[in-house]
Amino acid sequence: MSSAPSGSTTLPDELPPNATKAAAGIALVLVAQLMLILDATVVNVALPHIQDDLTFGPAGLSWVLNAYTLAFGGLLLLGGRLGDVFGRRRMFEAGLALFTLASLVGGLAQTPGMLVAARAAQGVGAALAAPGVLALLTTSAPDDAARNRALALFGAVSSGGMSIGLLLGGALTDLGSWRWTMFINIPIGLVVLALTRRYLDETVRRPGRFDVVGAIAATGGAVSIVWALIQAPEHGWTSARVIGGLVLGAALIALLARTELRVAHPMLRPELLRDKRRVGGLAVIALVVGGQLSMFFLAVQFIEDELGFGPMESGLAFLPLTLGIFGMSRITPRLLAHFGPSPMIMAGAVGLAVSFAWLSTLSASDSYLSGLFGPMLLNGLSAGLAFMPITSIVLTGVEPEHAGSASGLLQTFQQLGGAIGLSVIVSVYAVGAEPGQFLPGAQAAFLTSASFAALALLVGTALHVHARRTRVQVALAA
């Protein structure tokens with residue numbers, strides 16, 4: 001057998017020695033990320049059953065969802081910083097252990113207070129574990145190609161996890177009990193914990209004193225803002241609690257900014273927010289997630305109230321969206337290498353805006369196939385196209401020792417964007433709603449989601465112009 005000619009490109013005869021371990025490590029953290037993300041929606045379709053079983057009041061029932069969102073969104077920055085200081089694998093394990101234990105307590109809950117407390121504890125565990133996911137993904141990948149594939153799957157899991165949560169929650173509730181929406185996390189969490197030290201290496205810790213003032217300001221500011229936004233649909237945007245929460249949150253964020261400029265070891269590096277592309281990426285992720293929440297608040301109401309689907313059928317109705325996201329994740333690494341991030345973000349934002357505008361045309365005569373299938377599939381493909389390049393923009397150029405903080409920042413903007421988007425969409429929906437009818441308020445609410453996507457398109461366009469201008473300046477300087 002002749003040897004390959006000199007200068008030709010040949011495939012390697014065998015995989016790198018650490019390829020199997022790297023693949024297993026990536027799979028582990030992606031499974032954990034999926035579990036953390038889908039828990040934001042897995043109980044949605046089970047809420048009527050929870051209300052009947054535990055005798056929740058109408059206002060209290062919303063806290064089954066809000067307690068998780070509040071703790072998760074409010075503590076992400078702190079979780080990212082703790083991972084930088086104490087080791088990301090260690091905080092990943094601690095957060096996942098707390099999340100798994102809280103899931104057991106939630107599944108065994110006998111009172112409303114016990115379930116809400118367990119959901120809050122799940123959120124705390126998620127906030128400790130989630131920031132380390134991206135850092136562990138990137139450090140586990142053996143090369144850039146593997147890193148891009150891992151980021152694409154992370155994007156698919158993060159953007160598709162909510163629709164998977166609806167599907168899984170519906171199936172578990174129909175086949176068993178709402179309690180299984182909690183119990184399902186236990187075997188998954190235990191398996192991931194058992195294998196973590198075998199397949200994931202600890203990251204290098206960042207030395208230095210812990211920024212206590214920054215930690216309190218970041219956590220308090222995020223919690224205050226998320227809490228105020230959660231209250232807005234029920235109490236109104238001009239209510240004292242909403243305005244007070246937003247003002248307090250803004251004051252604490254201002255304190256955080258002032259503190260981080262002065263301390264030697266800041267909790268959040270100011271340099272992370274001096275990069276225009278990173279700030280643009282954070283704005284896009286907030287807008288995309290904010291608009292996407294209408295799919296889970298509005299579409300599920302049409303499916304259950306207008307079409308009369310049960311819990312399992314409602315979950316299956318989101319399958320086109322989920323398959324679109326995961327299908328697109330298979331090709332986004334190649335698209336990113338060819339086109340770059342900003343054109344993909346722009347194309348994804350256009351697709352999202354069209355899907356929301358399409359949903360605004362729903363009528364009482366529409367069936368699932370005529371009214372929902374097409375826009376859901378387009379929405380999934382578009383979200384899958386946009387999410388990975390956004391993540392790439394936010395994390396590019398971040399030093400390894402600050403990867404946890406950058407990841408926490410990214411996911412904080414996801415949570416804040418979701419809270420803002422949902423509160424705005426619910427408020428718009430309430431203005432036009434008529435008692436007992438879904439459609440009167442839905443058109444304006446879906447168009448509001450389309451406006452979120454349109455704003456994301458504008459930011460993506462600005463990122464594209466900035467990238468081209470930078471390339472021209474570099475070329476001229478050379």
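**Exercise 1.** Are Tyr68 and Phe99 buried or exposed?

*Solution.* Start with the ground rules. This is a predicted model, where local features need pLDDT of at least 70 and side-chain atom pairs count only at pLDDT 80 or more, while totals for chains, interfaces and linings use all residues. Residues are numbered from 1 along each chain as its sequence is written, and side-chain values use heavy atoms, leaving out hydrogens and water.

Next, the cut-offs: buried is under 20% relative accessible area, exposed is over 50%, and partly exposed is in between (1.4 Å probe, protein chains only). Tyr68 turns out to be buried, and Phe99 is too.

**Exercise 2.** Work out why the pair Tyr68 and Phe99 is edge-to-face.

*Solution.* Rings of Phe, Tyr and Trp (its six-membered ring) pair if their centres lie within 6.5 Å; planes under 30 degrees apart are stacked, over 60 edge-to-face, and the rest tilted. Here the centres are 6.5 Å apart and the planes sit at 70 degrees, so Tyr68 and Phe99 are edge-to-face.

Now place them: Tyr68 is in helix H4 (residues 63-86) and Phe99 in helix H5 (residues 88-107), 31 residues apart. Helices are DSSP runs (H or I, at least four residues), numbered from the N terminus. Add Phe72, and ring pairs link Tyr68, Phe72 and Phe99 into a cluster.

**Exercise 3.** Compare the burial of Trp180 with that of Phe183.

*Solution.* Both lie in helix H8 (residues 180-183), 3 residues apart. Trp180 has a relative accessible area of 45%, so Trp180 is partly exposed. Phe183 comes out at 17%, so Phe183 counts as buried.

How values were computed. Helices (H or I, at least four residues) and strands (E, at least two) are DSSP runs, numbered from the N terminus.
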